[in-house]
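Subject: Structure handover and what was found in it

Dear colleague,

Here is the structure I promised to pass on, so that you can have it open while you read. Please look it over first, and then go on to the notes underneath.

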Amino acid sequence: MQREITRVWTVTPVKRSSTHTAGIVLEPGHWHEYDPFLLMAEDWFESGTFSMHPHRGFETVTYIIEGNLSHFDNKNGAGQLGTGDVQWMTAGRGVVHTEEPSPGETVHSLQLWVNLPRDKKMTDPRYQNLLSSEMPVRKEEGALIRVFSGSSKEVVAPTQNHVPVTMVELNLEAGSTVTQDLPADYNGFLYILEGRGIFGSNEVSGEASQVLWLGEAPADEGSDVLVHATTKLRAVLFAGKPVREPVVQYGMFVMNSQAEIQQAIKDYQSGKFSQ
């Protein structure tokens, strides 16, 4: 079954500080609707914007639209990301890290927060640096689909997931058409980075800086999403299996209850995130 596009909205960047501009792609608080996704932001930022800060109870997926980013944490983890690369960070029971552009450079990125289920919220932290040049690709006439997580037809990414998530980068020449297959029970959306196209079985038009939310598919059936490029098109598609658990967020902590949030604050203040 081909999915419809049920909602379209445009992301508007807002200057947050002298070093940071951000547009909210997925607004936090819509826990049931966006499940397993918590929020997503499009950021333009310079050095010093995201200094050392903690996370617990979820994963961050950072896609570098343009620029070079260094990251390091309080457990001697470190890495470098460039244009087109992705970092999949599992905060789990707790990590404190920083994300720094190269000196004098502005990084343009997307960061998605993926919820973790109750039995994974206190898992060990880990990083997966998914370099664009190393990720598997699916090629169709006039189209290249880079698979960062999950699969696209027969092409499967090696990414490890606590929650099943498909993440693909779609690169289409004008006039090209592809479909992306998804399990029926996944929630998902497209975000257009460049160009214009027609999407879904109901043929909805979309253009750069717009979010297109996917409609539901009947249970126990496969589904796919139609993408047709009217100009050269670059977009990312995220879809994931809902966690279906209570969500309580406080800053950089996402847990199932207020009591767990209070414990996270105490653990961070007492230095347990460094253990």
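The notes below take the salt bridges, then the two largest pockets, and then three single residues. Please keep in mind throughout that this is a predicted model.

Salt bridges

Side chains of opposite charge can pair when their charged atoms come close. With a cut-off of 4 Å between the side-chain nitrogen and the carboxyl oxygen, the count in this model comes to eight salt bridges.

One of them joins Arg-56 and Asp-267, whose side chains meet with 3.1 Å from N to O. Arg-56 sits in the loop between strand E5 (50–55) and strand E6 (58–66), while Asp-267 belongs to helix H2 (residues 258–269), so this pair ties together parts of the chain that are 211 residues apart in sequence. Both partners, Arg-56 and Asp-267, are buried. The pair also has company, since salt bridges that share partners join Arg-56, Asp-267 and Lys-272 into one network.

A second salt bridge is found between the side chains of Arg-138 and Glu-140, again with 3.1 Å from N to O. Here the two partners fall into separate classes of accessibility: Arg-138 counts as buried because its relative accessibility is 5%, under the 20% limit, whereas Glu-140, with a relative accessible area of 37%, is partly exposed.

A further salt bridge links Lys-241 with Asp-185, the closest N and O atoms being 3.6 Å apart. Lys-241 lies in the loop between strand E24 (233–240) and strand E25 (248–250), and Asp-185 in the loop between strand E18 (177–183) and strand E19 (187–194), so that this salt bridge ties together parts 56 residues apart in sequence. Lys-241 is partly exposed at 37% relative accessibility, and Asp-185 is partly exposed too, with a relative accessible area of 36%.

Pockets

The largest pocket holds about 410 Å³ of space. Its lining is made up of 21 residues, and those that lie nearest the centre are Leu-39, Ala-41, Asp-43, Phe-50 and Trp-113. Strand E3 (20–26), strand E4 (37–45), E5 and strand E11 (107–115) each supply at least two residues of this lining, and E4 gives the most, with five residues. Sorted by class, the lining of the largest pocket has 12 nonpolar, six polar and three charged residues.

The second largest pocket has a volume of about 350 Å³. It is lined by 23 residues, of which His-32, Asn-187, Glu-216, Pro-242 and Arg-244 lie nearest its centre. Helix H1 (31–34) and strand E22 (210–214) are the elements that give two or more residues to this lining, and the largest share, three residues, comes from H1. By class, the lining of the second largest pocket has 11 nonpolar, five polar and seven charged residues.

Three single residues

Gln-111 lies in strand E11, one of the strands that supply the lining of the largest pocket. At 14% relative accessibility, Gln-111 counts as buried, and its side chain makes a polar contact of 3.2 Å with the side chain of Trp-113, which is itself among the residues nearest the centre of that pocket. Not counting residues up to four places away in sequence, Gln-111 touches Leu-39, Met-40, Ala-41, Thr-60, Val-61, Thr-62 and Glu-99.

Trp-44 is found in strand E4 and is partly exposed, with a relative accessible area of 25%. The side chain of Trp-44 makes a polar contact with the side chain of His-108 at 3.5 Å. Once neighbours within four places in sequence are left aside, the residues in contact with Trp-44 include Pro-13, Thr-19, His-20, Val-107 and His-108.

Gln-128 is part of strand E12 (residues 126–130), and it counts as buried at 11% relative accessibility. A polar atom of the Gln-128 side chain lies 2.9 Å from the backbone nitrogen of Gln-160. Apart from its neighbours within four places in sequence, Gln-128 is in contact with Val-86, Gln-87, Trp-88, Thr-159 and Gln-160.

With best wishes

Conventions: Residues are numbered from 1 along each chain as its sequence is written. This is a predicted model: local features need pLDDT of at least 70, side-chain atom pairs count only at pLDDT 80 or more; totals for chains, interfaces and linings use all residues. Side-chain values use heavy atoms; hydrogens and water are left out. Helices (H or I, at least four residues) and strands (E, at least two) are DSSP runs, numbered from the N terminus. Buried means under 20% relative accessible area, exposed over 50%, partly exposed in between (1.4 Å probe, protein chains only). On a 1 Å grid over the protein atoms alone, a cavity is a set of points where a 1.4 Å probe fits but cannot get out, and a pocket is an open set with protein on both sides within 12 Å along at least five of seven lines; lining residues have an atom within 4 Å of a point. Grid points are joined across faces, edges and corners, and a volume is the space filled by probe spheres set on the points. Ala, Val, Leu, Ile, Met, Phe, Trp, Tyr, Cys and Pro count as nonpolar, Asp, Glu, Lys and Arg as charged, and the others, Gly among them, as polar. A polar contact is a pair of N or O atoms within 3.5 Å; within protein, one must be able to donate a hydrogen and the other to accept it, and residues adjacent in sequence count only if both atoms are side-chain atoms. Contact means heavy atoms within 4.5 Å.
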